[in-house]
Amino acid sequence: MSAPDPKHPARRVRALSLFAVGEPWIWLTNAALVLCVSMIVGLVGLVLVEGASTFWPTDGVRLRLLDGSVVIGEVTRSELHAPTDVAIREQVGEAHVAQAREKIAAAGGEARRDLVRIGNYEVTGEHFRWVSDFNVAERGAPKDLVVFERVTWGRFYGTPVRFERAGVKTADGTEDAWRAFEEAHPGCRERLETRRRLERVDLGRVNHALSEARLTLRRAEIRAGGVASEADQAAWRTRTAELEAEATRIRDRIVAIDKENDGWVVIMRIADGKEVPIRVADVVRAYRPNTLDTAGRLGVLVSRWREFLLDEPREANSEGGVWPAIFGTVVMTLLMSIVVVPIGVLAALYLREYAKAGVVTSSVRIAVNNLAGVPSIVFGVFGLGFFCYTVGASIDQLLFAEKLPNPTFGTGGILWSALTLALMTLPVVIVATEEALAAVPSSMREGSYACGASKWQTIRRIVLPKALPGIMTGAILAMARGAGEVAPLMLVGAVKLAPELPVDGIFPYVHFERSFMHLGFHVYDLGFQSPNSEAAKPMVYTTTLLLILVIVTLNLAAIRIRTSLRRRYAGGQF
Amino acid sequence: MAAFGPSTAQPAPGAPEIHAAVANEEAVLDIDGFSLWYGAARALWDISMRIPRGKVTALIGPSGCGKSTLLRSVNRLNDLIDGVRIEGDMRLNGDSIYDRAVDVIELRKRMGMVFQKSNPFPMSIYENVVYPLRIDGVTDKRVLDEVCERSLRGAAIWDEVKDRLQTSGLSLSGGQQQRLCIARAIAAEPEVLLMDEPCSALDPIATGRVEDLIADLKGSYTVLIVTHNMQQASRSSDYTAFMYLGRLVEYGPTDDIFMRPHRKETEDYVSGRFG
């Protein structure tokens, strides 16, 4: 160390307190951000991992238990537990307790148990079964194990033994039967699809025409004040007879198809050795999990996702697809945005540009802001009482009197849901728009006035274009809030299963009065209302993942529009 | 002359000194006993002055003396502020500005205004310039094109932007933006061009260009310009009015005001002794 310079004595540096430097605030703010990010990443990660892995086909297992019985199926999850004596005795039976104890001791006192999806519900009466590993005498993954995903009764696990065509055996042995099944399957599915089309489209059209005819008669009755004229009644009778005849023709074709499909049967041997006939047409998808390579598994995954995205749900929503829910969510959200954005923007324009600042204006502003804090279920109750039972009932009285007492608009529907959510998201749009309007520099307004522009011209040509990106932000927030909302929808139109989409090929093509399926409600329904909750659980994740994706997509679209607007008004090309 | 209120700190000056040369000019704008209050605060005290046709008239004076208020009163921009009250009148080519029957919007169309801070609109250069015509409902592309080119040439910015008329007005530099605003202000052939410190936010080079432009505009337009910059006033204006504490103190040919002012306050201000 050098000697101290006498001219420049070392200044005593006063220790700056940590708080004065501000270091702890950096940590604190950083910690808050980390907390937020980890919560979001955790949630999205869970949904992503669980949702993405749901449709991956796992290996099939064949477990021979200590008592000689056999369990086949797929292991869905495993857990460790310390079994009690009673539990061991109950599971393995008195004869094998000693053997089981030995196994547990060898494993260090703990036992693993697997939740095996055993399927075959019509035979076993349950979809899942816990199997502890101390109860397993032999574990195998047989190559001949076949998984069927069926139209009804859920999954089926078994081994094909023979194939029958119209009651006559055409193939014997696992491999031949499987080949015969694979050959027959596409044809059967095609026939089933034809049958579905006949039932849904053709029969639906006839039924629609039938009810139209009845409504025409009813209208005539209302016009005549009681009894319709002889001519009207005769017309109705002729029309109905025609339609009934057509319906019978269609039903005959359906019966014929059913009869044909009944003739294609694969006989399967299940876990306990029994033979069970399975109609080929009932099988949605079939694969042999233990012979699949990665490409094969990917194929099953893709096929399952395809079904999930594009098909209708079956088996109480726990299987099949969610297409109606995707469609309902998107249509409802867009409808809501179309309603809420213009109203909110106009209201904000008046509040910011025209209304004189004062007590009334501030009160209105405070009231609007507080509206954002009202629980969403309250909006649902309001929507039900006002839109459905008051407005809707009046519309029914005026326009759809012939259908009464069956309500048309007087009950929950996609229009009322959109309006209810529009009301709920209105404060978001108003507040965002007001902020955006306030941010337009007064120099621009003055410049416009100085050119001789009227107030409206100034608003339309200067203020609104400049505020548009901010307004879009409000619309994005409103959309995100509205798309994820469930509680009010349960009251005003979202249902568990809506076979008819709000948009279809029957005049007037867009049916605002129809109830609809919604992904958010679907998640609730799957998770908490499903009779087979264990099978529905993975679907909760996939549906949640899908809902998030739908919202992200809608938001990204809106953000794209906003970015292009922003670029347009702040530099760049026109 | 109306009696002055007792509220000012300064001793009430006498009647404004108006040089004889001003009276000989033909007036476009005649300000006649004009007073203005913001709420209870009086900002302008009985201003009377005539703005000569085809000349540049500068309004000078220390901050808060009411120059900008007077300028904004000419096209009634002060109407937009709550609690503004006026007395007296102004006449544009003989038409009253503050008469009840006057349509403010029509009135403003007869004037152009350039602001302290350039304020191009969030639209293309082309649309910025033809904005006064657009709001008048002009849609004839030929007319608009012609006005656009003429105004941009008039504002000496045509050569710089002629190849990118469709880019945003906000993409220009500060000096270009201000000249764009001048082009916009002259697009509708105004009877008076009002300029509120048009160069105060510009660098010296851009200032020089705008000053040259003002010199070019002289003759074809009547310009009323507010400025803080003595050199600018002396360089580019024909007449200068010195205002102080809301009153007109002295008004005359620029050379006289700067070289031979009649009033002591004027002399003190132009020679930099106060203000």
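**View 1. Where chain B meets chain A.** In this predicted model, 23 residues of chain A are in contact with 26 residues of chain B. Together the two chains bury about 2,100 Å², and 64% of that is on carbon and sulfur atoms. Look for B:Pro122, B:Tyr131 and B:Ile135: this trio supplies 27% of the area that chain B buries against chain A, more than any other three residues.

**View 2. The charged and polar side of the interface.** How many salt bridges does the rule find across the interface of chain B and chain A? It finds one, and it joins the side chains of B:Arg72 and A:Glu446, with N to O at 2.7 Å. Polar contacts across the interface come to four residue pairs, both partners being at pLDDT 80 or more. On chain B, helix H3 (104–109), strand S7 (111–114) and helix H4 (125–134) each bring at least two residues to the side that touches chain A. Sorted by class, that side of chain B has 14 nonpolar residues, seven polar ones and five charged ones.

**View 3. Helix H4 of chain B, tucked in from both chains.** Eight of the ten residues of H4(B) are buried, so this helix is largely enclosed by the rest of the structure. The buried ones are B:Ile125, B:Tyr126, B:Asn128, B:Val129, B:Val130, B:Tyr131, B:Pro132 and B:Leu133. What covers them? From chain A, the cover includes helix H13 (442–450) and helix H14 (455–483). Chain B adds its own helix H5 (141–154), helix H6 (158–161) and helix H7 (174–187).

**View 4. A:Thr458 and its surroundings.** A:Thr458 sits in helix H14 of chain A, and it counts as buried because its relative accessibility is 0%. Its side chain makes a polar contact with the side chain of A:Ser448 at 2.9 Å. The A:Thr458 side chain also reaches the backbone oxygen of A:Ser454, at 2.8 Å. Setting aside neighbours within four places in sequence, A:Thr458 is in contact with A:Arg445, A:Ser448, A:Tyr449, A:Ala453, A:Val463 and, over in chain B, B:Tyr131.

**View 5. The open sheet of chain B.** Seven strands of chain B line up as S1-S11-S10-S4-S9-S8-S7, with mixed pairing. S1 and S7 are the edge strands, each pairing on one side only. Further in, strand S4 (residues 56–60) runs parallel to S10(B), and the two pair over four bridges. One pair to pick out here is B:Thr57 with its bridge partner B:Tyr239 in S10(B).

**View 6. Strand S11 of chain B and its two partners.** Why is strand S11 (residues 247–253) of chain B described as largely enclosed by the rest of the structure? Seven of its seven residues are buried, so the description follows. Strand S1 (residues 17–18) runs parallel to S11(B) and is joined to it by two bridges; B:Glu17 has B:Glu250 as its bridge partner. Strand S10 (residues 239–244) pairs with S11(B) in the antiparallel sense over six bridges, and B:Ala241 is partnered with B:Tyr251. S10(B) and S11(B) make a hairpin with two residues between them, and B:Leu245 in the turn has a positive phi of about 50°.

**View 7. Two salt bridges between separate parts of chain B.** B:Asp30 forms a salt bridge with B:Arg91, the closest N and O atoms lying 3.3 Å apart. This pair links distant parts of the chain, 61 residues apart: B:Asp30 is in strand S2 (residues 27–38) and B:Arg91 in strand S5 (residues 84–92). B:Asp30 is buried at a relative accessible area of 18%, whereas B:Arg91, at 25%, counts as partly exposed. The other pair is B:Glu191 with B:Arg110, whose closest N and O atoms are 2.8 Å apart. B:Glu191 is in the loop between H7 and strand S8 (192–196) and B:Arg110 in the loop between H3 and S7, so the salt bridge ties together parts 81 residues apart in sequence.

**View 8. Salt bridges in chain A.** The side chains of A:Arg218 and A:Glu221 meet in a salt bridge, N to O at 3.3 Å. Both lie in helix H6 (residues 174–224) of chain A, three residues apart, about one turn of the helix. A:Arg218 counts as partly exposed at 33% relative accessibility, and so does A:Glu221 at 23%. Elsewhere, a network of salt bridges links A:Arg117, A:Glu149, A:Arg285, A:Arg304, A:Glu307, A:Arg314 and A:Glu319. Over all chains, the whole structure has 62 salt bridges.

Methods:
Residues are numbered from 1 along each chain as its sequence is written. Chains are lettered from A and ligands numbered from 1 in the order in which they are written. This is a predicted model: local features need pLDDT of at least 70, side-chain atom pairs count only at pLDDT 80 or more; totals for chains, interfaces and linings use all residues. Side-chain values use heavy atoms; hydrogens and water are left out. Contact means heavy atoms within 4.5 Å. Buried area is the accessible area (1.4 Å probe) that two parts lose on being put together, summed over both. A salt bridge is a side-chain nitrogen of Lys or Arg within 4 Å of a carboxyl oxygen of Asp or Glu. A polar contact is a pair of N or O atoms within 3.5 Å; within protein, one must be able to donate a hydrogen and the other to accept it, and residues adjacent in sequence count only if both atoms are side-chain atoms. Ala, Val, Leu, Ile, Met, Phe, Trp, Tyr, Cys and Pro count as nonpolar, Asp, Glu, Lys and Arg as charged, and the others, Gly among them, as polar. Buried means under 20% relative accessible area, exposed over 50%, partly exposed in between (1.4 Å probe, protein chains only). Two strands pair if DSSP finds at least two bridges between them.
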